[in-house]
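Q: I have a chain open here and have not looked at it before. Can you walk me through it?
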Amino acid sequence: MSQDIYPKLKEIIKPYLPEDVNPDAISTESHLVTDLNINSTHLVDIVLDVEDAFDITIEDDELDNMETVDASIALIEQKLATR
C-alpha cells in the first residue's frame, strides 16, 4: 500500500517546499520541518490536501505523528485501513 501512497504524498508536498529545497530531496526519511523546511502554515495545508486526496480525516492530536514522510505514510495507511 505504501508504494501507492508515497508518490501521491510526494506530489502533495512539492508545492509547499521553499525555493531552496529540491523536490528530489523528498525521501521517506525526510523530516517535514527540519529536512524540507516546511513551515507550520504549510504543514496544515499539506494535511488538508492529504485529507482530500485520500478521503480521510486527520485529527489535530494526530498531527504530531506526521513529522516525517514515513510517519505520514504510516498514519495514512492506518486511516485507510480503518475506513
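Q: Start with a single residue: is N37 buried, partly exposed or exposed?
A: N37 is partly exposed, because its relative accessible area is 38%, and partly exposed lies between the cut-offs of 20% and 50%. Keep in mind that this is a predicted model.

Q: Where does N37 sit in the chain?
A: N37 lies in the loop that links α1, residues 2–13, to α2, residues 40–54.

Q: What about its backbone, what is phi of N37?
A: Phi of N37 is near 55°, so the value is positive in a residue that is not glycine.

Q: Why point that out?
A: Because most residues other than glycine have a negative phi.

Q: Which other residue has a positive phi without being a glycine?
A: D55 is one, with a phi of about 55°.

Q: And where is D55 found?
A: D55 is in the loop between α2 and α3, and α3 covers residues 69–81.

Q: Is D55 buried or exposed?
A: D55 counts as exposed, because its relative accessibility is 57% and the cut-off for exposed is over 50%.

Q: Stepping back, how many helices and strands does the chain have?
A: There are three helices and zero strands. Read from the N terminus, the order of elements is α-α-α.

Q: Which annotation does the UniProt record give?
A: The UniProt entry, which is unreviewed, carries the annotation "domain: Carrier" for residues 3–80. Over residues 3–80, 49% of the chain is helix and 0% is strand. The C-alpha atoms at the two ends of that stretch are 14 Å apart.

Q: What about overall size and radius of gyration?
A: The radius of gyration of the chain is 12 Å, which agrees with the value near 12 Å that a compact globule of 83 residues would have. Along the principal axes, the C-alpha atoms fill a box of roughly 40 × 25 × 20 Å.

Q: How much of the chain is buried?
A: Buried residues account for 35% of the 83 residues. The accessible surface of the chain is about 5000 Å², and carbon and sulfur atoms contribute 46% of that surface.

Q: Contacts next: what share joins residues at least 24 apart?
A: That share is 52%, counted among contacts between residues at least 6 apart in sequence.

Q: Last topic, charges: how many are positive and how many negative?
A: The chain has 5 positive and 20 negative charges. Their mean positions are 8 Å apart.

Conventions. Residues numbered from 1 in each chain as written. Predicted model: local features only at pLDDT ≥ 70, side-chain atom pairs only at ≥ 80, totals over all residues. Heavy atoms only, no water. UniProt positions renumbered as here; feature names shortened; annotations may be inferred. Helix = DSSP H or I, 4+ residues; strand = E, 2+ residues; numbered from the N terminus. Rg over C-alpha atoms; globule rule 2.2 N^0.38 Å. Buried < 20%, exposed > 50% of the residue type's maximum accessible area, 1.4 Å probe, protein only. Contact = heavy atoms within 4.5 Å. Areas by Shrake-Rupley, 256 points an atom, 1.4 Å probe, with all protein chains shown as cover. Lys, Arg positive; Asp, Glu negative; His and termini not counted. Charge placed at Lys NZ, Arg CZ, Asp CG, Glu CD.
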